[in-house]
Amino acid sequence: MSVRTKVLGMVDVMMRVPPILVIDEILKIGMGLPSRSYTDKSVDKGGGASDISSFHHQSSNNSIDAAAGTDSISNFDMFTQVTNASLEKAIDNASTAAIAGGVLSSSFGNLIDELAKDSYLSDLLSITSIKFVICVLGLFCALGIFMLWTRHLVMVYMFVISLGLTFLSHWSNVSALALMENNSCILEDILSMNTTRLLDTGGVAVSLLPHLVAQWFMGMLFAYIHLGPRYSILQRSMPLIFASPILLATLPLKMRIIKYLPILAAAVPLLLTKITIMSSGMEAGKTVYNGYQFATNFVSNFGLSALIENEWQRLNVPSVLRVFWTIRITQEFLGLVLNDQVNAMNLIPTSQKLLVDGCETLTAVLGMTSIISVICHYIGKAFQWYLLTFENDEEKSLGTVSAVLFYILALQTGLTSLSPDKRFVRLCRNLCLLFTALLHFLHNIVSPILMSLSAARNPSRKRHFRALTVCAFLIIAPIVLLVTLWSRHSPSTWLLAVTAFSVEVVVKVCVSLATYSLFLLDARRPSFWEKLDDYLYYVRAFGNSVEFCFGILLFFNGAWILIFESAQNATGGAIRAIMMCIHAYFNIWCEAQAGWSVFMKRRSAVHKISALPEATSAQLQAFDDVCAICYQEMYSAKITRCRHYFHGVCLRKWLYVQDRCPLCHEIMMYTDRREESEADRAVHQRHQEQAAGLAAAAAAAAAAAAAAQNSEDNSLSEAAESSSNTPSMVTVSTSVSGANLNSDEGFVTITNTMNSNSNSSTSSTAAAATFATAAASNTTHSFRFSRNLGMQD
């Protein structure tokens with residue numbers, strides 16, 4: 001990516017930040033509704049454990065079996081022991097500043113104060129409904145501006161800047177005229193060359209000079225960016241129009257004329273702005289309609305999810321939120337520094353205040369979510385680099401899943417509605433839950449690497465050591481976390497959730513290490529290890545059973561919280577109920593079905609394998625070949641009904657997939673004649689009909705041979721001549737199905753040579769009987785009779 005592309009992308013991100021700041025300010029004042037009051041009962045007692053389990057299930061097969069969110073009403077002793085009375089006072093000050101302060105709070109407050117001076121506007125804005133409607137309109141306008149294409153966004157900013165320059169110019173002119181009101185005329189000093197008064201630093205002339213330069217600069221900028229009609233004379237005279245009130249005020253004019261000069265000067269840019277609005281109204285409507293048409297067509301062709309993903313990438317939402325949150329926290333920190341509230345002794349209270357302000361509104365929580373997403377992403381990248389692997393889908397989704405999980409935890413626990421001190425405690429608890437989920441994600445990264453290193457017999461000791469050190473960290477970290485939490489807190493539902501997740505990750509790592517050890521032992525054995533599959537099944541079944549039990553336990557824990565501890569947070573309770581349903585379906589019901597299906601398949605395969613005969617040593621020595629499934633030498637084997645040899649373990653795994661032989665695709669066993677399909681019975685009936693037809697044809701051929709012999713008894717010489725010159729051929733051809741489903745043609749040819757030998761009748765009768773017997777069997781044979789009716793294969 002070129003530098004120019006990066007710079008333009010950064011400019012696009014910066015242009016989309018101001019609408020987010022406006023939305024944040026609107027949410028900060030509560031959408032114009034009465035100020036919220038913080039109550040002690042509003043502390044959400046759920047930890048959002050179901051969110052971790054449900055979202056982690058989407059990212060890996062071995063999902064975190066967890067239930068609905070858990071929390072407790074107990075005090076967070078880890079932090080309350082550090083804080084003291086001064087910290088509590090600082091947090092109270094943070095609450096007051098969080099409600100009244102903000103990025104745009106000073107200008108917004110001044111605007112409200114100015115409007116409050118007018119009695120009519122003050123009465124109008126005091127009405128809650130009017131405030132709410134204005135805030136809703138502002139919210140939708142900010143969202144609309146945020147979602148514009150870059151070209152239209154630039155036009156909006158040009159219009160807003162031109163309008164802002166007009167009002168700024170008016171304010172500067174009014175201020176300059178106020179300086180000149182009680183002073184002598186500057187024109188007289190200029191004409192009299194009174195340099196003493198003109199160059200006096202405290203004089204009017206020096207004070208007016210910055211205003212005059214600013215007006216000239218604003219006029220040039222307005223002429224460059226305004227979207228109205230661009231006449232050359234008007235463009236060149238725009239700086240003079242902006243500075244005209246100050247220049248005309250130097251003349252000896254009456255005050256009632258001078259006070260209207262700023263209004264006259266602002267009339268020209270306002271007129272151009274009005275023309276711009278009138279001419280751009282239709283274009284703006286077309287832009288909105290075209291955007292609607294584009295979205296509709298995109299959804300019909302690619303789906304709603306594809307549209308959301310496309311717009312998410314086009315708007316570069318994560319980068320915008322990160323820049324917004326950084327600006328917000330930087331503004332808060334600079335405010336503290338300017339007020340001399342930051343020093344080496346109160347760094348911890350300052351950090352806590354910034355974190356509290358950083359999750360005050362929904363947009364602020366979104367910004368913090370984007371920061372956490374980046375942190376988790378680079379944590380995954382760091383572990384990926386340490387493990388010497390560079391292609392892992394789990395690492396790619398780590399940042400996204402962590403961000404979604406953290407935001408839903410914030411919504412579920414009502415983070416923005418809590419008082420500042422309780423908000424900080426709740427934030428720390430959510431981060432603890434997120435940390436345990438991060439450990440599960442890291443296990444999903446290292447587990448496949450362990451399996452590949454052990455199964456592929458990788459000799460690189462460095463890679464083995466790195467993978468094992470990560471596993472050691474995944475065991476030590478949750479244990480240290482649990483020891484710290486249990487030593488500082490009393491038992492609670494939130495602590496139970498964190499404990500369950502931590503124990504679960506330890507069990508999963510132990511299962512991975514046991515599997516890794518079994519594969520290493522198998523790699524060092526000189527012969528095939530038939531019990532390996534059984535040991536692996538027992539180890540994995542233990543791990544899955546533990547996870548399943550934790551899932552059920554935490555589901556009931558979440559149900560307890562939903563019923564008894566979520567009454568004060570209706571939105572969080574609804575989100576928790578939804579996540580509990582998702583958790584119950586994916587992590588309990590689907591996992592139970594999958595486990596039961598594997599168990600039944602394994603039991604069925606074991607029964608089928610036990611029904612097959614075991615190969616003896618002599619048979620294996622005579623076979624002298626490898627297993628056709630694993631290509632390993634066979635010291636013991638099972639013999640199928642089609643006489644093929646396989647390892648019992650390999651054949652059992654094959655039976656998980658299908659019941660036919662891997663080599664010839666013959667059905668290896670029939671458990672019951674009634675289990676044959678209707679097609680098999682139809683084929684069997686057709687074979688019987690064909691066999692009966694062939695037997696009748698054979699009998700007819702034998703009768704014809706006997707009749708021919710009786711008619712030629714009177715003349716032996718003629719019979720001999722007839723035998724040598726005119727042989728009679730009777731050919732019967734039929735199609736008989738073989739043992740497999742493909743039909744093969746079986747040909748039976750009966751050649752009856754008419755001679756005078758007395759054994760010919762007996763030979764013909766034997767040939768007919770043999771033909772009928774062959775036709776009655778369900779096999780493919782070819783019989784050919786020689787001239788003396790001798791039968792050969």
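Asp624 is exposed, at 67% relative accessibility. Asp624 sits in the loop between helix H25 (617-623) and strand S1. Its backbone stands out: Asp624 has a positive phi of about 50 degrees, although it is not a glycine. The model is predicted. Below come the backbone, the salt bridges, the helix packing and a surface patch.

**Backbone: positive phi**

- Most residues other than glycine have a negative phi.
- Asp624, with its phi of about 50 degrees, is not a glycine.
- Asn316 is not a glycine either, and has a positive phi of about 55 degrees.
- Where does Asn316 lie? Asn316 is in the loop between helix H15 (304-315) and helix H16.
- Asn316 is partly exposed, because its relative accessibility is 28% and that class runs between 20% and 50%.
- Asp624 counts as exposed because its 67% is over the 50% cut-off.

**Salt bridges: the count and a long-range pair**

- How many salt bridges does the structure hold? There are 9 salt bridges.
- One of them joins the side chains of Asp24 and Arg328, at 2.9 Å from N to O.
- This pair links distant parts of the chain. Asp24 lies in helix H1 (residues 3-28), and Arg328 lies in helix H16 (residues 317-338).
- In sequence, Arg328 and Asp24 are 304 residues apart. In space, their C-alpha atoms are 9.8 Å apart.
- Is Asp24 buried or exposed? Asp24 is buried, at 2% relative accessibility.
- Arg328 is buried as well, with a relative accessible area of 1%.
- Both ends of this salt bridge therefore fall under the 20% cut-off for buried residues.

**Salt bridges: a pair within one helix**

- The side chains of Asp357 and Lys353 also meet in a salt bridge, again given as 2.9 Å from N to O.
- Which helix holds Asp357 and Lys353? Both lie in helix H17 (residues 347-357).
- Asp357 and Lys353 are 4 residues apart, which is about one turn of the helix.
- Asp357 has a relative accessible area of 0%, so it is buried.
- Lys353 is at 10% relative accessibility, so it counts as buried too.

**Salt bridges: a pair between loops**

- Arg641 and Glu666 form a salt bridge through their side chains, at 2.9 Å from N to O.
- Arg641 is in the loop between strand S1 (638-639) and strand S2 (645-646). Glu666 is in the loop between helix H26 (648-655) and helix H27 (678-711).
- The pair therefore ties together parts that are 25 residues apart in sequence.
- Arg641 is partly exposed, with a relative accessible area of 41%.
- Glu666 is partly exposed at 25%.

**Salt bridges: a network**

- Which residues are joined into one network? Salt bridges that share partners join Asp24, Arg328 and Glu360.
- Arg328 of this network lies in helix H16.

**Helix packing around H14**

- Helix H8 (residues 150-180) packs with helix H14 (residues 261-302). The angle is about 165 degrees, and the axes are 10 Å apart.
- H8 and H14 are therefore roughly antiparallel to each other, since the cut-off for that class is over 145 degrees.
- The crossing of H8 and H14 is left-handed.
- Helix H12 (residues 232-249) also packs with H14. Here the angle is about 160 degrees, with axes 8 Å apart.
- That makes H12 roughly antiparallel to H14.
- H12 passes H14 in a left-handed crossing.

**A nonpolar surface patch**

- Which residues make the nonpolar surface patch? Leu33, Phe132, Val133 and Leu137 make it.
- The patch covers about 350 Å².
- Phe132, one of its members, lies in helix H7 (residues 128-146).
- Phe132 is partly exposed, with a relative accessible area of 34%.
- Phe132 can therefore count toward the patch, because its 34% is over the 30% that patch residues need.

Notes. Residues numbered from 1 in each chain as written. Predicted model: local features only at pLDDT ≥ 70, side-chain atom pairs only at ≥ 80, totals over all residues. Heavy atoms only, no water. Patch = residues over 30% accessible without salt bridge, like charges linked within 9 Å, V, L, I, M, F, W, Y side chains within 5 Å. Areas by Shrake-Rupley, 256 points an atom, 1.4 Å probe, with all protein chains shown as cover. Salt bridge = Lys/Arg side-chain N within 4 Å of Asp/Glu carboxyl O. Helix = DSSP H or I, 4+ residues; strand = E, 2+ residues; numbered from the N terminus. Buried < 20%, exposed > 50% of the residue type's maximum accessible area, 1.4 Å probe, protein only. Axes fitted to C-alpha atoms, helices over the stretch in contact; angles between N-to-C directions. Parallel < 35°, antiparallel > 145°, perpendicular 65-115°, else oblique. Left-handed = near helix turned anticlockwise from the far one by under 90°.
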